Amino acid sequence: MTEELVELYANREVARRTAYHEDTLLVHEFEAGFEYEETPDQQKAIEEISRDMESPKPMDRLVCGDVGYGKTEVAMRAAFKAVQANRQVAVLVPTTLLAQQHYENFSLRFAPFPVKVGVLSRFQTAAEIKATLKDLAAGLIDIVIGTHRVVQKDVLFKQLGLAIIDEEQWFGVRHKEDRKSVV
């Protein structure tokens, strides 16, 4: 596994991707929908992530902060920027309850915009999961939120552009690096 990681990071160091465009009017409209005032640290993280996404070098960024300090809003803004570039977003969370909570929060925050949010967790029936997987592979779902289910081999994306890992300390290196290898 160590050899695989060294190779992955060496490849990512020289890898280039299509850079995301500068923020559009729609991105600014999404930002304006945030009901709180950004903290200086939150604003700095948002700006740095946006700058990273506008670079042709693949982004690998860690955002840290206590509960209630707006990390989810930072993630949502990055997700919105990715969706505006016609890329899909995977949000990996450690628990079914957190997947459902994020699904509800993302759905509410993205509701005024043409963004489709899906969820993959054990709260869904087999039929719901099958439909979500089909729509995800076809590119009909922009953002999928889920537990370890998101990293299983049958989860295919049409154009994955951003992976967000919440509570990353709960995931093994292999789970995190597997997603990086396809973004």
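Start by selecting Gln 88 and Leu 160: in strand E4, Leu 160 is the bridge partner of Gln 88. Before you move on, note that this is a predicted model, in which local features need pLDDT of at least 70, side-chain atom pairs count only at pLDDT 80 or more, and totals for chains, interfaces and linings use all residues. Residues are numbered from 1 along each chain as its sequence is written, and side-chain values use heavy atoms, with hydrogens and water left out.

**The whole chain**

Zoom out and color by secondary structure. You should find seven helices and four strands in the protein chain; helices (H or I, at least four residues) and strands (E, at least two) are DSSP runs, numbered from the N terminus. From one end of the sequence to the other, the pattern reads α-α-α-α-β-α-β-α-β-β-α. The protein chain has 183 residues, and 40% of them are buried. Here, buried means under 20% relative accessible area, exposed over 50%, and partly exposed in between, with a 1.4 Å probe and protein chains only. Contact means heavy atoms within 4.5 Å. Among contacts in the protein chain with a separation of 6 or more, 76% are between residues 24 or more positions apart.

**The sheet**

Now show the strands alone. They form an open sheet of four strands in the order E2-E3-E1-E4, with parallel pairing; two strands pair if DSSP finds at least two bridges between them. At the edges sit E2 and E4 (160–165), each of which pairs on one side only. From one strand to the next, the twist averages 20 degrees. For this and later angles, axes are lines fitted to C-alpha atoms, for helices over the stretch in contact, and angles run from 0 to 180 degrees between N-to-C directions.

Select E1, residues 88–92. Five of its five residues are buried. Gln 88, Ala 90 and Leu 92 are on one side of E1, with Val 89 and Val 91 on the other. In a regular strand the side chains alternate between the two faces of the sheet. E1 runs parallel to E4, joined to E4 by five bridges.

Which strand is joined to E1 by four bridges? That is E3, which also runs parallel to E1. To see the pairing, pick Val 91 with its bridge partner Ile 145, then Leu 92 with Gly 146.

Next, select E3 itself, residues 143–146. Both of its faces are covered, with Ile 143 and Ile 145 buried on one side and Val 144 and Gly 146 buried on the other. Add E2 (residues 117–120), which is parallel to E3 and joined to E3 by four bridges. One pair to pick here is Gly 118 and Val 144.

Bring helix H6 (residues 126–138) into view: E2, H6 and E3 make a right-handed β-α-β unit. A crossover is right-handed if, with the strands pointing away from the viewer, the path from the first strand over the helix to the second runs clockwise.

**Helix H4 and its neighbors**

Select H4, residues 71–84. H4 lies across E1, E3 and E4, and runs at about 170 degrees to E4.

Two packed helices are described by the angle between their axes and the distance between the axes. Add H5 (residues 96–110): the axes of H4 and H5 come within 11 Å and cross at roughly 60 degrees. H4 is therefore oblique to H5; angles under 35 degrees count as roughly parallel, over 145 as roughly antiparallel, 65 to 115 as roughly perpendicular and the rest as oblique. The crossing is right-handed; a crossing is left-handed if the near helix is turned anticlockwise from the far one by less than a right angle, and right-handed if clockwise. Residues making the contact include Met 76 and Phe 80 of H4 and His 102 and Phe 106 of H5.

Swap H5 for H2. The axes of H2 and H4 come within 10 Å and cross at roughly 160 degrees, so H2 is roughly antiparallel to H4. This crossing is also right-handed. The contact involves Leu 26, Val 27, Phe 30 and Glu 31 of H2, with Glu 73, Met 76, Arg 77, Phe 80 and Gln 84 of H4.

**Two loops to finish**

Select Thr 24, in the loop between H1 (2–14) and H2 (25–32). Thr 24 is partly exposed, with a relative accessible area of 34%. Draw a C-alpha to C-alpha distance from Thr 24 to Gln 84: they are 8.3 Å apart in space and 60 residues apart in sequence.

Last stop: Asn 86, in the loop between H4 and E1. Is Asn 86 buried or exposed? At 67% relative accessibility, Asn 86 counts as exposed. Most residues other than glycine have a negative phi, and most peptide bonds are trans. Asn 86 is not a glycine, yet has a positive phi of about 60 degrees.
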